[in-house]
Amino acid sequence: MPARAAHHHAPATPTTGGGTGDYATFLATVRRDAIRQGLTADAVKRALDLSAPNPQVIQRDRTQPEFHLTWAQYRDRVVTQRKIADGRAAFAQQRTILEQQVLTRYDVAPGAVMGIWGLESAYGALTGKFAVVDALCTLAFEGRRAKFFHDELFHALSILNAGDITPDLMTGSYAGAMGQPQFMPSAYLKYAVDIDGDGRRDIWHSVPDIFGSIANYLAGSGWVGGESWGQQVIVPDSVAQSMLGRTQTRTLAEWMAMGVRQMGGAPFDRPADTGAVLRPDGPGGEAFMVYRNFAAIRRYNPSDFYALAVGLLGNEIA
């Protein structure tokens, strides 16, 4: 950890002088560089005027819990009956927007969009209360992953410069993940879309823009329309764990020769298709056959547990 980090045990309101004094210098540099890159002075000033090192951001960044959950524990925690019920209610309410405004443009599964929305922000209920520029400035200044957060900060400033959102409404997680889909600014610039036609890509408040942006992310990550992400399967305990994992794709005919079956016991009806088998908790635990759309969900968050949970939640909802 850089020596400078020690200064942040100071009070929340930094005094001039002392270690936090160079935060002002840091902001001045950011302001100058942003204007040099063509952002308007007014937009940059409004964005950075609010910023002070946020001790809560630093604390969260340093004390990220190291969860070592089994898949069974994670599934019980994430794909709850409440989450499923809330998702079905939200889907019933927003289905027309999703099907008529979004899925006519992006050939992705409604379940995948709903599953991501549910996992990222509990269908918009939990989006994070941190000022994004404040959080990114703090993390870029702090230094643990300074380059990454510095880049994200400049992406955030260009979003503000474009007028998509105002600094006070640009809220998100302590690490700068924004709005209901929890996009980092770089993902926003690449995938956020204006579906409702108001000229702004509003992933904070506009349901069409939120759904459209998630769908565009999946489409841009290689989602293949009309195909499943995967399914739960039966795998004999005799199949070695070393034969499994998302990188080990085989034809379904080959998997069937190893004793893998669909949940009812039926053989797969497209034996020439390829898939990989995941058995996260090893022999005796649940197993899943995953297809190429699983990889598209994983591009959103590179975790097998996350992608499985999105797929299973989406199946229950849609």
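In the predicted model, the protein chain has an average pLDDT of 92, and 93% of the residues score at least 70. Confidence is under 50 over residues 1-19, a segment for which the model has 19 contacts beyond four places in sequence. An unreviewed UniProt entry assigns residues 25-314 to the feature "domain: Transglycosylase SLT". Helix accounts for 50% of this span and strand for 8%, and the C-alpha atoms at its two ends are 47 Å apart.

The strand content includes an open, antiparallel sheet of five strands, arranged in the order E4-E6-E7-E3-E5. Strands E4 (250-251) and E5 (261-262) each have a single partner strand and therefore stand at the edges, with one side of each lacking a neighbour in the sheet. Within the sheet, strand E3 (residues 230-234) and strand E7 (residues 287-290) are joined in the antiparallel sense by four bridges. In this pairing, Gly230 is located opposite Val290 of E7.

The largest nonpolar core comprises 86 residues, of which Met114, Val133, Leu157, Met170, Phe211, Leu218 and Trp229 touch the most other members. Excluding residues up to four places away in sequence, the contacts of Trp229 include Trp223, Phe288, Met289, Val290, Tyr291, Phe294, Ile297, Leu308 and Leu312, as well as Asn293, Gly311 and Asn315. Another core, of 13 residues, lies apart from the largest one; Val239, Trp255, Val260 and Tyr291 are among its members.

Charged side chains form 18 salt bridges in the model. One of them joins Glu142 and Arg62, whose closest N and O atoms are 2.8 Å apart. Because Glu142 belongs to helix H7 (residues 132-142) and Arg62 to helix H3 (residues 55-62), this pair ties together parts separated by 80 residues in sequence. The two partners are set in contrasting environments: Glu142 is buried, at 7% relative accessibility, whereas Arg62 is partly exposed, at 27%.

A further salt bridge is formed between the side chains of Glu316 and Arg88, with an N to O distance of 3.1 Å. This contact links distant parts of the chain, as Glu316 lies in helix H13 (residues 304-317) and Arg88 in helix H5 (residues 81-102), 228 residues apart. Glu316 is partly exposed, with a relative accessibility of 38%, and Arg88 is likewise partly exposed, at 41%.

Asp273 and Arg270 also form a salt bridge, in which the closest N and O atoms are 3.2 Å apart. Here Asp273 is partly exposed, with a relative accessible area of 28%, while Arg270 is exposed, at 54%. In addition, a network of salt bridges links Arg31, Lys45 and Asp49.

Methods. Residues are numbered from 1 along each chain as its sequence is written. Side-chain values use heavy atoms; hydrogens and water are left out. pLDDT is the predictor's confidence in each residue, from 0 to 100. Contact means heavy atoms within 4.5 Å. UniProt positions are given in the numbering used here, feature names are shortened, and annotations may be inferred rather than shown by experiment. Two strands pair if DSSP finds at least two bridges between them. A nonpolar core is a set of buried Ala, Val, Leu, Ile, Met, Phe, Trp, Tyr and Cys residues joined through side-chain atoms within 4.5 Å. Buried means under 20% relative accessible area, exposed over 50%, partly exposed in between (1.4 Å probe, protein chains only). A salt bridge is a side-chain nitrogen of Lys or Arg within 4 Å of a carboxyl oxygen of Asp or Glu.
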